[in-house]
Amino acid sequence: MNFYKKTPAGFCDPRALAKLSPEAPLCVALSGGADSVALLSLLAKDPLVSAVHVHHGIRGAEADRDETFCRQLTERLGIPLTVLHIDAPALAKARGIS
């Protein structure tokens, strides 16, 4: 198996790199930043791709805008999105960690 098999878009197939079956689903952690948006855009034609966005409850309105952007992007690309809301400060306090 060629683990550096190029896709039609010209980049290495992530399933081959990870030694996964060609039918394995892929999930992109979508922050809304340039790297995750680029990765999701490259994989957008793959019918087995989904995305997850985590709203950590830290950055207020800026984090809300990131979530909205991720929702709009995945809707436009036709990619399923799961959004998780967590209260990271409360979890850190409860666990005594930073």
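## Arg59 and its partners

At a relative accessibility of 41%, Arg59 counts as partly exposed. The structure discussed here is a predicted model. Within this model, Arg59 belongs to a network of salt bridges that also includes Glu62 and Asp66.

Two pairings make up the description of this network. Arg59 forms a salt bridge with Glu62, in which the closest N and O atoms are 3.4 Å apart. The side chain of Arg59 also meets that of Asp66 in a salt bridge, with an N to O distance of 2.6 Å. Glu62 has a relative accessibility of 42% and counts as partly exposed. Asp66 is likewise classed as partly exposed, at 21%; the class of partly exposed residues lies between the limits of 20% and 50%, so the value for Asp66 falls inside it.

## A salt bridge between distant parts of the chain

A search of the whole structure finds four salt bridges. One of them joins the side chains of Arg15 and Asp46, at 2.6 Å from N to O. This pair links distant parts of the chain, since Arg15 lies in helix α1 (residues 14-17) and Asp46 lies in the loop between α2 and β2, 31 residues apart.

Is Arg15 buried or exposed? Arg15 has a relative accessibility of 6% and therefore counts as buried, because buried means under 20% relative accessible area.

## The largest nonpolar core

The largest nonpolar core of the model has twelve residues. Leucine residues in this core are Leu26, Leu30, Leu40, Leu43 and Leu73. The core also contains Val28, Val37 and Val49, together with Ala44, Ala51, Cys70 and Ile79. Four elements each give two or more residues to the core: β1 (26-29), α2 (34-43), β2 (49-55) and α3 (60-77). Which element provides the largest share? The largest share, three residues, comes from α2.

Cys70, one of the core residues, can be examined through its contacts. When residues up to four places away in sequence are not counted, Cys70 touches Leu30, Ser31, Gly32, His53 and Leu81. Among these contacts, Leu30 is itself listed in the core.

## A nonpolar patch on the surface

Nonpolar residues also appear at the surface of the model. Val54, Leu84, Ile86 and Leu91 make a nonpolar surface patch of about 280 Å². Val54 lies in strand β2, an element that also gives two or more residues to the largest core. Val54 itself is partly exposed, with a relative accessible area of 31%.

Definitions and conventions: Residues are numbered from 1 along each chain as its sequence is written. This is a predicted model: local features need pLDDT of at least 70, side-chain atom pairs count only at pLDDT 80 or more; totals for chains, interfaces and linings use all residues. Side-chain values use heavy atoms; hydrogens and water are left out. A nonpolar core is a set of buried Ala, Val, Leu, Ile, Met, Phe, Trp, Tyr and Cys residues joined through side-chain atoms within 4.5 Å. Buried means under 20% relative accessible area, exposed over 50%, partly exposed in between (1.4 Å probe, protein chains only). Contact means heavy atoms within 4.5 Å. Patches are made of residues with over 30% relative accessible area and no salt bridge: like charges are joined within 9 Å, nonpolar side chains (Val, Leu, Ile, Met, Phe, Trp, Tyr) within 5 Å. Accessible areas come from the Shrake-Rupley method with a 1.4 Å probe; for residues, only the protein chains shown count as cover.
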